[in-house]
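Thanks for sending this one over. My notes are below as numbered points, starting with a small query and then going through the parts I would look at.

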Amino acid sequence: MNCVRNDEEIARVENWAVEGVDEGTRYPGMSYEQGVVDTLAWLRGDSEDAPCVCE
């Protein structure tokens, strides 16, 4: 499997997630498992929606 996301994109999402851990979740209704599934779909290129809205 080829990763279709570059290191910069992955680091941006990782930093966003760490902020959520440190400062509180932005999605209290979402399960951990749903977040993992959404992230893996994005990494594979199955979804264009990054698991965050950040730039």
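1. Is Arg44 buried, partly exposed or exposed? Arg44 counts as partly exposed, because its relative accessibility is 38%. Do keep in mind throughout that this is a predicted model.

2. The overall layout first. The chain has 2 helices and 0 strands. Of its 55 residues, 16% are buried. The accessible surface comes to about 4400 Å², and carbon and sulfur atoms account for 52% of that area. As for how the chain meets itself, take the contacts between residues at least 6 apart in sequence: 68% of them join residues at least 24 apart.

3. Helix 2 runs over residues 32–44, and its length checks out. With 13 residues at 1.5 Å a residue, helix 2 should span 18 Å, and the end C-alpha atoms are 19 Å apart, so the two values agree. Just after helix 2 comes Gly45, with a positive phi of about 90 degrees.

4. Next, a patch on the surface. Tyr32, Val36 and Leu40 together make a nonpolar surface patch of about 320 Å². Val36 belongs to helix 2 and is partly exposed, at a relative accessible area of 33%. Membership of such a patch requires over 30% relative accessible area, so Val36 qualifies with its 33%. The spacing of the three positions also fits a general point: an α-helix has 3.6 residues a turn, so residues three or four places apart point the same way.

5. On to the charged pairs. Side chains of opposite charge can pair when their charged atoms come close. How many salt bridges does a search of the whole structure find? The search gives 3, and I take them one by one in the points that follow.

6. The pair I would look at with most care is Glu48 with Arg5, a salt bridge whose closest N and O atoms are 3.6 Å apart. Glu48 sits in the segment after helix 2 and Arg5 in the segment before helix 1 (7–23), so this salt bridge ties together parts that are 43 residues apart in sequence. The two partners have opposite settings: Glu48 is exposed, at 63% relative accessibility, whereas Arg5 is buried, at 11%.

7. Arg5 deserves a point to itself. Its side chain reaches two backbone oxygens: that of Trp42 at 2.8 Å and that of Ser47 at 2.9 Å. Which residues does Arg5 contact, leaving aside its neighbours within four places in sequence? They are Ile10, Trp42, Leu43, Gly45, Ser47 and Glu48. So the list takes in Gly45, the residue with the positive phi just after helix 2, and Glu48, the salt-bridge partner. Why do I call Arg5 buried? Its relative accessible area is 11%, and the cut-off for buried is under 20%.

8. Arg26 and Glu19 form another of the salt bridges, at 3.4 Å from N to O. Both side chains belong to partly exposed residues: Arg26 has a relative accessible area of 36%, and Glu19 has a relative accessibility of 38%.

9. The remaining pair brings us back to Arg44. Asp46 forms a salt bridge with Arg44, and the closest N and O atoms are 2.8 Å apart. The contact between these two side chains also counts as a polar contact, at 2.8 Å. Asp46 lies in the segment after helix 2 and is exposed, at 56% relative accessibility, whereas Arg44 is partly exposed, at 38%.

10. One last item on Asp46. How far apart are the C-alpha atoms of Asp46 and Val4? The separation is 9.6 Å, for two residues that are 42 residues apart along the chain. Read this next to the Glu48 and Arg5 pair, which also ties together the segment after helix 2 and the segment before helix 1.

Notes
Residues are numbered from 1 along each chain as its sequence is written. This is a predicted model: local features need pLDDT of at least 70, side-chain atom pairs count only at pLDDT 80 or more; totals for chains, interfaces and linings use all residues. Side-chain values use heavy atoms; hydrogens and water are left out. Patches are made of residues with over 30% relative accessible area and no salt bridge: like charges are joined within 9 Å, nonpolar side chains (Val, Leu, Ile, Met, Phe, Trp, Tyr) within 5 Å. Accessible areas come from the Shrake-Rupley method with a 1.4 Å probe; for residues, only the protein chains shown count as cover. A salt bridge is a side-chain nitrogen of Lys or Arg within 4 Å of a carboxyl oxygen of Asp or Glu. Helices (H or I, at least four residues) and strands (E, at least two) are DSSP runs, numbered from the N terminus. Buried means under 20% relative accessible area, exposed over 50%, partly exposed in between (1.4 Å probe, protein chains only). A polar contact is a pair of N or O atoms within 3.5 Å; within protein, one must be able to donate a hydrogen and the other to accept it, and residues adjacent in sequence count only if both atoms are side-chain atoms. Contact means heavy atoms within 4.5 Å. The expected span of a helix is 1.5 Å times one less than its number of residues.
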